[in-house]
Amino acid sequence: MPALPLAKRLPTLDGIVAAHAELRARRPLVQCLTNVVSANFMANVLLAAGASPAMVDNPEEAAGFAKVAGAVLVNLGTPTSAQVESMRLAVQAANAAGRPWVLDPIGAGGLPWRGAVAAELLRQNPSVVRGNASEIIGLAGLGEGAPGFDSSDDPAQAVPAAVELLRQCQAVSASGPVDHVLGWVGDSADSAVPRLLRIGGGSALLPRVTASGCALGALVAAYLAVSEDAFTALSAAHVHFAVASELAEEGSRGPGTFAALFLDALDAVDAELIRQRAQLMPEQAGA
Amino acid sequence: MPALPLAKRLPTLDGIVAAHAELRARRPLVQCLTNVVSANFMANVLLAAGASPAMVDNPEEAAGFAKVAGAVLVNLGTPTSAQVESMRLAVQAANAAGRPWVLDPIGAGGLPWRGAVAAELLRQNPSVVRGNASEIIGLAGLGEGAPGFDSSDDPAQAVPAAVELLRQCQAVSASGPVDHVLGWVGDSADSAVPRLLRIGGGSALLPRVTASGCALGALVAAYLAVSEDAFTALSAAHVHFAVASELAEEGSRGPGTFAALFLDALDAVDAELIRQRAQLMPEQAGA
Amino acid sequence: MPALPLAKRLPTLDGIVAAHAELRARRPLVQCLTNVVSANFMANVLLAAGASPAMVDNPEEAAGFAKVAGAVLVNLGTPTSAQVESMRLAVQAANAAGRPWVLDPIGAGGLPWRGAVAAELLRQNPSVVRGNASEIIGLAGLGEGAPGFDSSDDPAQAVPAAVELLRQCQAVSASGPVDHVLGWVGDSADSAVPRLLRIGGGSALLPRVTASGCALGALVAAYLAVSEDAFTALSAAHVHFAVASELAEEGSRGPGTFAALFLDALDAVDAELIRQRAQLMPEQAGA
């Protein structure tokens, strides 16, 4: 049984503003099992955006913590065998406790060992899968993944793969110049269909900051902990990132100052800025 | 036998200024066994403040390095089983060599496995225990710890727990809006009594930067390596942090720019700034 | 057989400018097996400078990835036993596939266990060895290493040790106020001789940022992936760092703002800035 109810409609600006208000009001505890490159930046992103990070990722504690966390992020950036064991335990505990969780399949498709781990975790039905286009295509088994961690594919090309992944989860996104966010929409599981929401804006400097995609995955988990449905949570996190990165770019002189200003901007984003700047482009997803 | 002599009086402004001068003159080597979130920021904090960091935390090297380090920090933020083994070895070696060490019991009280590790390490008599109020209360076994890593308790409420922990160490602090620092004071071990020094100032942005508390623990270790007593060392580190965070807040626009300016300010703090801005509020500790 | 051809002459300004143009044009994929302190900053340095980082360092994936990476960095900053196993596998695979790789022997000389690991890796013939003076001297077995990770030796004193290390590799550098870069130069392996290129400039703030030396090692790997010879690649990375750190210092207020501006500057460095600011001081190396 999914942790969150089915989305009854495509995410709206009002729904995203409401999710943001909930995030700030409830400051959800997010358990992150993530890679060594991202840990510090991810925690700072969660703190700046309004959540509470906890990087509990050892096998001794991962399951126990997943029961009390608001949501769980599983990121495959630099997996060790102990961490993979922790991921299995955390996911199992999250599912048993009805906690939502995010799978971020970094590098899946290009690396066979972690590809198998990602496929195994996918079968445990994450609430959300988030990745770049190459990773979404690779995880769905619809193409060869890129050997690196930077996507060489356009997110639009990942839509069929995202639809495929929706068999296992409630919502999927492929990050890129225009983010492509897909989720189930309907009044009941029987009548639900996959829908696509494209989200524009953002900054070309964001992918110049390492682990920015990873940190987005963690923010998705934070929104899952406070949102009414997974599709809205995923869209709200993308919008929060896009608006903040636009604000940060305005004052930055390059990728280093951008990263600092981005944290400032994640904190500064409020309902008014979301309403002024969010670029939501809803479409019907192909089936 | 403790690594440092007993404090003969409550820490004074003159004593803190002298400790800061020693830090800058001697640039102590600090061995950090710490969590993955904090490692980079902690090393930068030590470098900016005037110490020399070394993150030697594998079982093969931890004990050997503890013998030559000026002081050792043990932080339980994201412990792996190998790292816990390294902590045991480093603490044993530090004690044997008469080197001071700090225990930072992140998450102890809220997580049973690491709580047991923290309790075991506490029995090895750290020079100092530093944590937030929830962690100090949790480690002393005087209450339920919070599930997360942000303290929900006022440091004043942690004073009885800190007094309890003083059975095992020379000084204890609970960080918060007003830091509560406790230590033994007397002319001899028989006549010594626990005393409280509250330290004000600081910035509300500091807890918005992940691992800022962890980095404070490392700076405590740096001061232990150069101070005349553990109570003064612990107080000097808190003052250095409070003054620097005030300076940083003045120029910052949010948590991201604050973090960069905080490193600048740790470097800029000198005797004059300490004398102008340190807020020392001595009190008699309750027994 | 070395991954790159022998340098026919000392690196020149034209050659360094050409290597920089190749870096920007080809954006090489760099596999980093590195320490926990450096991972985030190193990845950001590579992204800012114009390369693509991938921190693949587990035993399951390290060898497979080394075959497709443009170059490999092996950094001994905080080695775990699993990571050392990964290093062995990655180096073996890189050698078999003719991929260049860098050995950064952090702390070698001061710590026996990792010193033995470093010596073992050295026997696998890295393309380049990069370290501070203490590490170069320690790895060559020509003196006692310092216990810490900050060099207490002048790079000029490391020249004999660097010449010794050239038995195992194509180029060696010792970082310091004036970087000392050595490499084989000649028309054939039989007639080649070790030559020295000193590189000035830079900023005293750079060593106040943790992992700046580690990140330089990763940038060396990036340049190895696109350069005509290892000596030029190593020199180009040093020049890129020196010019960027000068630019960063001009706008900085301390080590924190410097670190952010340094990333901006790595991005901003172009052919014109290199030609204006590079300080190349060629000399004949002693034999």
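The following exercises, with worked solutions, concern a predicted model.

**Exercise 1. A strand and its partners**

Determine how many residues of strand 5 of chain C are buried, and with which strands strand 5 pairs.

*Solution.*

Step 1. Locate the element: strand 5 of chain C comprises residues 128-132, and five of its five residues are buried.

Step 2. Consider the two faces separately. In a regular strand the side chains alternate between the two faces of the sheet. On one side of strand 5 of chain C are Val128(C), Arg130(C) and Asn132(C), on the other Val129(C) and Gly131(C), and both faces are covered.

Step 3. Identify the partners. Strand 4 of chain C (residues 101-104) pairs with strand 5 of chain C in the parallel sense over two bridges, and Leu103(C) stands opposite Val129(C). The path from strand 4 to strand 5 of chain C passes through helix 5 (residues 112-122) of chain C, forming a right-handed β-α-β crossover. Strand 6 of chain C (residues 171-175) also pairs with strand 5 of chain C in the parallel sense, over five bridges. In this pairing, Asn132(C) stands opposite Ser175(C).

**Exercise 2. A glutamate in a loop**

Establish whether Glu61(B) is buried or exposed, and describe its surroundings.

*Solution.*

Step 1. Glu61(B) lies in the loop between strand 2 (52-54) and helix 3 (62-68) of chain B.

Step 2. The relative accessible area of Glu61(B) is 3%. The limit for a buried residue is under 20%, so Glu61(B) is classed as buried.

Step 3. Leaving aside neighbours within four places in sequence, Glu61(B) is in contact with Val56(B) as well as Pro79(C), Leu111(C), Trp113(C) and Arg114(C). With the last of these residues, Arg114(C), the side chain of Glu61(B) makes a polar contact through the side chain of Arg114(C) at 2.6 Å.

**Exercise 3. Salt bridges in different settings**

State where the partners of the salt bridges Glu61(A)–Arg114(B) and Glu246(B)–Arg277(B) lie, and classify the exposure of each residue.

*Solution.*

Step 1. In the salt bridge of Glu61(A) with Arg114(B), the closest N and O atoms are 2.6 Å apart. This pair crosses between chains, from the loop between strand 2 (52-54) and helix 3 (62-68) of chain A to helix 5 (residues 112-122) of chain B. Both Glu61(A) and Arg114(B) are buried.

Step 2. For Glu246(B) and Arg277(B), the closest N and O atoms are 3.0 Å apart. This pair links distant parts of the chain, 31 residues apart: helix 9 (residues 230-251) and helix 11 (residues 271-277) of chain B.

Step 3. Glu246(B), with a relative accessible area of 15%, is buried, whereas Arg277(B), with 23%, is partly exposed.

Technical notes. Residues are numbered from 1 along each chain as its sequence is written. Chains are lettered from A and ligands numbered from 1 in the order in which they are written. This is a predicted model: local features need pLDDT of at least 70, side-chain atom pairs count only at pLDDT 80 or more; totals for chains, interfaces and linings use all residues. Side-chain values use heavy atoms; hydrogens and water are left out. Buried means under 20% relative accessible area, exposed over 50%, partly exposed in between (1.4 Å probe, protein chains only). Helices (H or I, at least four residues) and strands (E, at least two) are DSSP runs, numbered from the N terminus. Two strands pair if DSSP finds at least two bridges between them. A crossover is right-handed if, with the strands pointing away from the viewer, the path from the first strand over the helix to the second runs clockwise. A polar contact is a pair of N or O atoms within 3.5 Å; within protein, one must be able to donate a hydrogen and the other to accept it, and residues adjacent in sequence count only if both atoms are side-chain atoms. Contact means heavy atoms within 4.5 Å. A salt bridge is a side-chain nitrogen of Lys or Arg within 4 Å of a carboxyl oxygen of Asp or Glu.
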